[in-house]
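Please open the model in a viewer with the sequence panel visible. The tour below proceeds by selection, and each stop states what to pick and what is found there.

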Amino acid sequence: MSPAALDLDVGSGQRKRSAPDEAGGHGLLFAGVDIGGTTIHVGILNAQGEVQGGVQVEPLGEDHDPKVVVGIVRRSLEACLRLAVCSMSGLQGIGVCTPGLMDCEAGLIRAAANLSGWKDVPLVELLAQELGVDKSRVVLEHDTNAALLAEAWTGAARGLKHIVLMTLGTGVGGAIMCDGRVIRGSKGQAGEIGHAILVPDGRRHGRAGVDGIFEGYASATAVAARAVEGGVPACSSLSKLESVECVDVFKHAEAGD
């Protein structure tokens, strides 16, 4: 299935499609940018969804200033373009996704708990300026919706029109597709389960501002934090680590800890 066969429902103001199938998809290249809570992933893909030249992964760092973040994206994209032997002008479009609350049509990030200080950030405009491209070539999408669309395009949900997806990472996300269209809701928050209250007055998690949310128990950051709350028992193999990450918890559990 080519991008043209999918209704990439990113809002009427930013709807993007690839060239018609008659072009065969040869030579059409797109950039994908994932600004996560801890890392930034950037890659170049062709019209079949195949990565060209590899994916650049950079830590987000502690400075979440939007201008700093788009600078990291630019450097990563330039590295990807060199590997793919392509120029910025050769890209059909640039898709960027982030967590948080957003207005995809306006290209704005309204708020993002995992991105400190992000409030009404005009991400599409900032990224277009940093990359030296027209704003119309940059599309904003919620990260979980982007993951769902990717699975529907070339992944495990290829060919399906009714899909529910949950993501587990720095946060917890959810997305829904019905009859081949992403369900967004009146405020673009449909499917978002990470900040649903799981335990009333439960544990505090990051900058969420609400206690007891699902993300505070099931996300990768929460798993790591809960493993060391109150101190790691001396009998646990985790006690030998200087710092504990989510992957460590699972590896040591599999080993019998």
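In which sense do strand β4 (residues 91–98) and β8 pair, and over how many bridges? Selecting both strands shows a parallel pairing over five bridges. The model is a predicted one. To place a marker within this pairing, select G95, whose bridge partner in β8 is V139.

**Strand β8 and the overall fold**

Keep β8 (residues 138–142) selected and colour it by burial: five of its five residues are buried. On one side are V138, L140 and H142, and on the other are V139 and E141; both faces are thus covered.

Now show the whole chain. The protein contains six helices and 11 strands. Of its 257 residues, 43% are buried. Among contacts with a separation of 6 or more, 47% are between residues 24 or more positions apart.

**Helix α1 at L81**

Next, select L81, which is located in helix α1 (residues 66–84). Is L81 buried or exposed? Its relative accessible area is 5%, which lies under the 20% cut-off, so L81 counts as buried. Display its surroundings: leaving aside residues up to four places away in sequence, L81 touches I44, C86, S87, M88 and L91. Then draw a distance from the C-alpha atom of L81 to that of G43; the two are separated by 8.6 Å, although these positions lie 38 residues apart along the chain.

**The strands β9, β10 and β11**

Move to β9 (163–168) and β10 (172–178). These strands pair in the antiparallel sense over six bridges, and the hairpin that joins β9 to β10 runs through three residues. Within the pairing, T167 has G173 of β10 as its bridge partner.

Colour β10 by burial next. Five of its seven residues are buried, so the strand is largely enclosed by the rest of the structure.

Extend the selection to strand β11 (residues 181–182), which pairs with β10 in the antiparallel sense over two bridges. Here C178 has R181 of β11 as its bridge partner. Two residues separate β10 and β11 in this hairpin, and D179 in the turn has a positive phi of about 55°.

**The second largest pocket**

Display the second largest pocket, which encloses about 730 Å³ of space. Which residues of its lining are the closest to its centre? Of the 30 lining residues, these are P99, N114, D143, G171 and E215. The elements that contribute two or more residues to the lining are β2 (39–46), α3 (143–154), β9 and β10. By class, the lining residues comprise eight nonpolar, 17 polar and five charged.

**Helix α6**

Select helix α6 (residues 246–254) and view the helix along its axis. Its buried residues include C246, D248, V249 and H252. Why do these residues fall on the same side of α6? They cover an arc of only 160° around the axis, which puts them there. An α-helix has 3.6 residues a turn, so residues three or four places apart point the same way.

Rotate the view to the other side of α6, where F250, K251 and E254 are exposed. Then add α5 (220–228) to the display: the buried residues of α6 pack against α5. Just past the helix, select G256, which follows α6 and has a positive phi, near 105°.

**Two aspartates with positive phi**

Most residues other than glycine have a negative phi, and most peptide bonds are trans. Against that background, select D120, a residue of strand β7 (residues 119–121). Although D120 is not a glycine, its phi is positive, at about 50°. D120 is partly exposed, its relative accessible area being 38%.

The last stop is D201, in the loop between β11 and α4 (215–218). Its phi is likewise a positive value in a residue other than glycine, near 60°. Is D201 buried or exposed? With 76% relative accessibility, which is over the 50% cut-off, D201 counts as exposed.

How values were computed:
Residues numbered from 1 in each chain as written. Predicted model: local features only at pLDDT ≥ 70, side-chain atom pairs only at ≥ 80, totals over all residues. Heavy atoms only, no water. 1 Å grid on protein atoms, 1.4 Å probe; cavity = no way out; pocket = protein on both sides within 12 Å on 5 of 7 lines; lining within 4 Å. Points joined across faces, edges and corners; volume = space filled by probe spheres on them. Helix = DSSP H or I, 4+ residues; strand = E, 2+ residues; numbered from the N terminus. Nonpolar A, V, L, I, M, F, W, Y, C, P; charged D, E, K, R; others polar. Buried < 20%, exposed > 50% of the residue type's maximum accessible area, 1.4 Å probe, protein only. Arc of directions from axis to C-beta. Contact = heavy atoms within 4.5 Å. Pairing = 2+ DSSP bridges.
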